[in-house]
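Thanks for making the time this morning. I would like to walk through one model with you, chain by chain, and then stop at a single sheet; please have the view open as I talk.

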Amino acid sequence: MNRLLPRALLTPAVLAIAIVSIVPLLITLYYSSVKFSLLEPGEHEFYGLANFHFFFTDGAFLPALKNTFVLMFSVMLITVVCGVALGLLINDAFPGRAIVRVLLISPFLVMPAVNALMWKNMLLNPIYGLFAQVSLFFGLTPIDWLSQYPLLAIIMMVSWQWLPFACLIFMTALQSMDKEQLEAASMDGASYGQKLRYLYIPHLGRAVSVVLMIEMIFLLSIFAEIFTTTGGGPGFDTTTITFMIYQQALLAYDIGAASAGALFAVLLANIAAFFLMRVISKNLVK
Amino acid sequence: MAYLQLNNIEKYFGDQHAIKGIDLTIEKGEFVVFVGPSGCGKSTLLRLIAGLEPIDKGSLRLDGRDITALPSSKRDLAMVFQSYALYPHMTVFENMSFALKLAGVESAVIRDKVDKAAAILDLGKYLERTPRELSGGQRQRVAIGRSIVRDPKVFLFDEPLSNLDAALRVQTRIEIAKLHRELGATTIYVTHDQVEAMTLADRVVVLRDGQIEQHGSPLELYDRPANRFVAQFIGTPSMNVVPAAALPQLAELAGSAAHGDGFVGIRPEHVFLGAQRADSLAATVDMVESLGVETLVYSRLENNVQIVSRGSERTSVHPGERTHLTFERGFVHHFDRLGNTCASARGAL
Amino acid sequence: MSQLLTSHARIATAKRTTPVKHQLALHARTAAAWFFALLLFFPIFWLGLMAFKTEGQAIATPPLLFFTPTLQSFQDVMARDNYLGYAFNSLLTSVVSTALGLAIAIPAAYSMAFFPTRGTIGLLKFILSSRYMPGVGALMPIYICYQYFGMLDTRIGLTIMFMLMNLPIMIWLLYTNLRELPREILEAARMDGATVVDEFRYIVLPLSVGGIASTALVCMVWSWNESFWSLNLGAANAGTLAWLIASYSSPEGLFWAKLSAASLMAIAPIMALGWFCQKQLVQGMTFGAVK
């Protein structure tokens with residue numbers, strides 16, 4: 001078997017990915033160790049770990065860390081739980097299922113920026129937004145979501161966008177279940193709850209790990225929603241690590257500090273990826 | 001000179017020694033059947049010959065040419081897969097003509113060859129259909145047709161009948177036999193079904209654990225098995241084999257000196273039920289299976305040894321009854337402690 | 001075979017003995033499913049509705065469900081910004097980046113699926129994990145690189161970025177797809193005399209068209225919706241529809257109808273595509289979750 005051919009086929013891809021992940025990494029590494037602020041032109045003197053120190057002691061750091069995790073895990077939890085529930089609901093045929101699927105895909109297709117604006121203006125606005133209108137209808141005082149519960153608002157937006165994705169993956173996974181196994185369980189007298197526990201949920205294990213894996217990629221880098229709605233605020237309430245880096249780079253023009261933060265984000269991402277890869281490795285490749 | 005020659009073929013899968021040194025010679029036009037229990041390596045051996053797995057040691061020669069290191073595409077062999085492996089996105093015609101098209105044959109010639117093969121296999125009406133639209137039996141014929149069109153040096157069949165239902169299996173078996181008579185092509189056929197082996201083969205190769213236990217004509221293996229494994233593998237229900245010590249009478253009938261620690265065997269059709277005689281043994285009937293054409297009786301001797309007998313006469317014995325078993329002289333096999341044959345029926349050895 | 005038939009008969013009888021219960025369950029499920037589907041879809045519906053209102057109608061309290069639709073907002077948006085220009089950029093960058101990505105990813109996935117080595121799984125994990133870094137982490141180096149090569153605010157620049165962004169997932173999706181091909185069919189092709197190139201051209205490619213289409217669709221959706229890099233590496237010239245939306249995000253006032261119109265115009269094309277090819281899209285979305 002020609003040994004050269006497989007390697008040749010792989011080369012462009014590996015090269016592209018290596019360049020786009022390793023080269024920026026090296027450059028960022030360099031920047032994080034020098035004093036580099038666009039506001040103070042001059043030589044980049046070696047700063048050592050000062051940038052890191054600056055980044056970690058920033059008032060925004062700990063809240064950002066907390067917010068990052070809260071955001072990620074909340075969205076993952078909501079999408080998986082509701083996704084499984086919805087998936088089970090639409091798994092068996094019913095009239096109009098095809099249309100329901102089309103409706104369900106739709107949030108996934110919306111641009112994140114549009115998503116954010118839609119929620120900010122049309123739904124969450126305390127005066128004219130729909131949520132406010134509905135609360136008024138029920139005689140309650142409308143909540144100013146973006147001021148009072150900003151992180152929750154972001155979580156809602158992002159969950160809304162990713163729920164269909166999770167739901168459709170679970171539905172497809174459920175459709176591939178062994179029907180005979182389910183019938184045998186029915187004949188053995190299993191209730192729906194028991195079938196759920198012993199058949200459905202174990203089968204979904206692989207699908208859940210894929211959902212979590214893909215979501216983690218995108219949730220770590222949530223940007224547009226925060227940028228368009230709260231700008232990280234009020235205070236640091238909706239600042240995530242990603243957003244904090246952005247603020248350092250493009251708002252405070254401190255490239256050095258931003259690079260330090262970026263390295264931290266890379267570390268975070270790799271830790272998350274490592275754990276997740278371990279968990280799904282067995283499921284992923286058979 | 002041999003048409004296909006296997007010399008000391010060996011194959012490892014990781015640490016597992018799957019094929020342990022196979023030597024075999026196949027003549028042109030022979031129909032050879034590889035048979036054996038699951039995991040014996042028969043399919044692996046076929047795939048080694050086909051070139052779908054690399055040979056680790058040994059050599060393979062076809063028609064004088066060393067093909068050990070050649071890729072499958074250049075060996076001039078055709079294979080019928082167990083799952084047929086038809087190209088799902090092509091029509092029957094395209095399936096059958098694919099190899100010729102790759103070889104750059106003119107389309108007029110392709111058309112001609114495919115039509116001829118389709119005629120032999122009665123596929124004429126299905127040429128424009130896709131595999132999805134065919135039944136199992138039809139797909140199987142397309143798989144065979146695909147091989148015939150190529151006119152290869154050797155045909156390889158990998159358990160082709162195992163996915164068919166019983167009736168279709170018998171029918172297709174006969175068709176394959178007829179095809180071999182008509183085309184006279186050298187064929188290697190893998191199966192775990194020894195009925196297929198017995199009926200189709202010019203020569204049967206019995207494999208176990210990556211080694212050849214015995215090879216020869218079907219009747220040779222039946223009458224003169226080289227060891228206990230072959231004796232019990234060929235023939236259903238299988239030969240009665242018991243420790244010699246448990247049945248000294250049988251050992252005597254075998255006519256050999258006391259191999260007290262060996263085994264004796266006798267086929268069910270040479271065991272008779274009946275009234276007590278001088279040389280009979282008392283037994284209790286455990287179970288009776290009436291198959292219409294013959295009756296199988298499972299009996300238990302006084303020392304708890306189970307013997308199966310087979311007779312073409314309908315019998316009136318019932319489970320639980322007592323009866324007497326006699327054994328036909330001259331049809332007893334004798335195996336030593338390791339299972340190798342010391343004395344066979346019909347005077348051989 | 002007969003066992004299956006008897007068990008089916010038994011199930012059927014079991015169901016027949018409680019028909020009313022079964023019907024009720026069906027109705028309940030249908031109602032619940034439709035309820036949640038409509039609930040999830042509602043914000044988009046509302047957005048669409050608002051695009052056809054006047055500004056006054058848009059902020060009316062209580063919210064108006066029935067009104068005379070007008071295309072005024074759309075006209076305003078077209079007048080204010082170069083919608084067609086942005087739309088064209090979106091289309092160009094999505095399509096070309098996906099095509100380029102496939103040209104690189106298909107050979108790579110083919111190599112990994114059919115010529116696996118001990119390092120293949122590790123390579124796959126490396127490829128996938130490279131995607132985990134938030135874009136913001138690579139923003140500065142890439143921005144500076146782009147500036148150096150004069151690629152800022154160019155369509156080529158954006159196209160390359162989108163392609164690189166989607167490449168890891170594309171490879172993974174195609175890999176999973178290719179592994180699904182039955183091995184025996186490829187072996188049959190080899191026995192028929194097919195070289196590696198023949199095998200790819202006549203068997204692998206035709207049989208994996210569905211998987212390739214699904215992958216392409218998902219990546220197109222992602223490229224179209226991409227906001228981070230388009231905003232940072234693009235500008236008025238090469239900006240995609242994300243730019244159009246961005247210009248509406250600064251609070252100039254309550255121009256909701258125009259905002260909705262702009263939003264609708266930005267998302268409508270890709271939504272139409274998604275609806276049209278929903279089966280393929282869902283298949284692509286399932287990301288090898290289902291064997």
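Among the contacts in chain A that link residues at least 6 apart in sequence, 70% join residues at least 24 apart, and I should say straight away that this comes from a predicted model, as does everything else I describe. For chain B the corresponding share, again among contacts between residues at least 6 apart, is 63%.

As for what makes up chain A, there are 13 helices and zero strands, so that, reading from the N terminus, each element is simply an α. Buried residues account for 45% of the 286 residues in this chain, and its C-alpha trace spans about 80 × 75 × 30 Å along the principal axes.

Let me turn to where chain A touches chain C, a contact that takes 81 residues from chain A and 80 residues from chain C. Which helix gives the most to the chain A side of this contact? That is helix H1 of chain A, residues 4–32, which contributes 15 residues. Sorted by class, the chain A side holds 63 nonpolar residues, together with 14 polar and four charged ones.

Chain B, by comparison, brings strands into the picture, with nine helices and 19 strands in its secondary structure. Its 349 residues include 40% that count as buried, and along its principal axes the C-alpha trace of chain B spans about 75 × 45 × 35 Å.

Within chain B, the sheet I would like you to find is an open one of four strands, in the order E2-E1-E4-E5, with antiparallel pairing. Its edges are strand E2, residues 16–26, and strand E5, residues 65–66, both of chain B, each of which pairs on one side only. As a general reminder, the strands of a sheet pair through backbone hydrogen bonds, in either a parallel or an antiparallel sense.

If we follow the sheet to its E5 edge, strand E4 of chain B, residues 57–62, pairs with E5(B) in the antiparallel sense over two bridges. At this pairing, Leu62(B) stands opposite Arg65(B), the latter being in E5(B).

Finally, what lies across E1, E2 and E4 of chain B? It is helix H1 of chain B, residues 42–50, which runs at about 65 degrees to E2(B), and E2(B), as you will recall, is one of the edge strands of the sheet.

Definitions and conventions. Residues numbered from 1 in each chain as written. Chains lettered and ligands numbered in written order. Predicted model: local features only at pLDDT ≥ 70, side-chain atom pairs only at ≥ 80, totals over all residues. Buried ≥ 20, exposed ≤ 12 C-beta atoms within 10 Å, placed from the backbone. Contact = placed C-beta atoms within 7 Å. Nonpolar A, V, L, I, M, F, W, Y, C, P; charged D, E, K, R; others polar. Pairing = 2+ DSSP bridges. Axes fitted to C-alpha atoms, helices over the stretch in contact; angles between N-to-C directions.
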